[in-house]
Amino acid sequence: MIYLLWIALVFLTVVIQASLSIFDITPNLTVVLAFYAGIKHGDIKGMFIGSCIGMIEDILSGTIFGPNILSKALVGYTSSFLYSRFFMWTPLLGMISISLFTFADSFVVFLLRSIFNRMPAGSGAAFTIILIQSLFNAPLGLFLRPKKGC
């Protein structure tokens, strides 16, 4: 039942993500779900949920299959790893970390699409898009809290 809820949440997030646009740049809201899965459910479940989120996003995007799977799985695993072993949660840390994870996720997807397909945008344009996506997701880090005990 919980997995059906996650699937519905991912589809809803992808629809919202596709309908929003800031300066003709769509936000990367699915990375927030992978980040949340990692800090709430731990490393293995976070990686599994993140890869499922990436698989759904890859299927719906219509491009090569795999970049989002890898990037969202890395976000799910690494967010759990950082919060459970190194950091004490604060709202500022939440904002900074979701920005960094969004940047890393978008960069990995751009890099993999550039290597295995064709370059989706120029390097300067890609950096600008990734930076705006990271800044867009930053305020969402205020509302994400890790599981109890971290």
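1. A word on confidence to begin with: pLDDT is the predictor's confidence in each residue, on a scale from 0 to 100. What you have here is a predicted model, and the mean pLDDT of its chain is 87, with 95% of the residues at 70 or more. Among the elements of the chain, helix H2 (residues 30-41) has the highest mean pLDDT, 92, and helix H1 (residues 2-19) the lowest, 87.

2. I would look at the charged pairs next. Searching the whole structure turns up two salt bridges. One of them joins the side chains of Glu-57 and Lys-72, with 3.1 Å from N to O. This pair ties together distant parts of the chain, since Glu-57 sits in helix H3 (residues 43-61) and Lys-72 in helix H4 (residues 67-85), 15 residues apart.

3. The other salt bridge is between the side chains of Lys-72 and Asp-105, again given as 3.1 Å from N to O. Here too distant parts of the chain are linked: Lys-72 belongs to helix H4 and Asp-105 to helix H5 (residues 91-116), with their positions 33 residues apart in the numbering. Taken together, Glu-57, Lys-72 and Asp-105 form a network of salt bridges. As a general reminder, side chains of opposite charge can pair when their charged atoms come close.

4. Are the members of this network buried or exposed? Glu-57 has a relative accessible area of 12%, and because buried means under 20%, Glu-57 counts as buried. Lys-72, at 0% relative accessibility, is buried as well. Asp-105 is also buried, like its partner Lys-72.

5. Ser-51 is worth a visit while you are in this region; this residue is part of helix H3. Its relative accessibility is 19%, so with the cut-off at under 20% Ser-51 still counts as buried. A polar atom of the Ser-51 side chain lies 2.8 Å from the backbone oxygen of Phe-48. Leaving out residues up to four places away in sequence, Ser-51 touches Ile-69, Lys-72 and Ala-73. Lys-72 in that list is the residue that bridges to Glu-57 and to Asp-105.

6. Now to helix H1. Does its length agree or disagree with what its residue count predicts? At 1.5 Å a residue, its 18 residues should span 26 Å, and the C-alpha atoms at its ends are 26 Å apart, so the two agree. The buried residues of H1 are Trp-6, Val-10, Thr-13, Val-14 and Gln-17. Viewed down the axis of H1, these residues fall within an arc of 100°, which means that they line one face of the helix. The other side of H1 has Leu-4, Leu-5, Val-15 and Ser-19 exposed.

7. What covers the buried residues of H1? The cover includes H2 and H3. Thr-13 makes a handy example within H1: this residue is buried, with a relative accessible area of 10%. Setting aside neighbours within four places in sequence, Thr-13 is in contact with Leu-29, Thr-30 and Leu-33.

8. The loop between H1 and H2 deserves a check of its backbone angles. Most residues other than glycine have a negative phi. Phe-23, although not a glycine, has a positive phi of about 55°, and Phe-23 lies in this loop. Asp-24 lies in the loop between H1 and H2 too, and its phi is near 60°, also a positive value in a residue other than glycine. Phe-23 counts as exposed at 72% relative accessibility, and Asp-24 is exposed with a relative accessible area of 75%.

9. Finally, helix H6 (residues 123-137) can be read in the way you read H1. Its 15 residues should span 21 Å at 1.5 Å a residue, and its end C-alpha atoms are 21 Å apart, so expectation and model agree. Buried in H6 are Ala-126, Ile-130, Gln-133, Ser-134 and Asn-137. Because they cover an arc of only 100° around the axis, they are on the same side of H6. The face turned away from that buried side carries the exposed residues Gly-124 and Leu-135. As for partners, the buried residues of H6 pack against H2 and H5.

Technical notes. Residues are numbered from 1 along each chain as its sequence is written. This is a predicted model: local features need pLDDT of at least 70, side-chain atom pairs count only at pLDDT 80 or more; totals for chains, interfaces and linings use all residues. Side-chain values use heavy atoms; hydrogens and water are left out. A salt bridge is a side-chain nitrogen of Lys or Arg within 4 Å of a carboxyl oxygen of Asp or Glu. Helices (H or I, at least four residues) and strands (E, at least two) are DSSP runs, numbered from the N terminus. Buried means under 20% relative accessible area, exposed over 50%, partly exposed in between (1.4 Å probe, protein chains only). The expected span of a helix is 1.5 Å times one less than its number of residues. The arc is that of the directions from the helix axis to the C-beta atoms. Contact means heavy atoms within 4.5 Å. A polar contact is a pair of N or O atoms within 3.5 Å; within protein, one must be able to donate a hydrogen and the other to accept it, and residues adjacent in sequence count only if both atoms are side-chain atoms.
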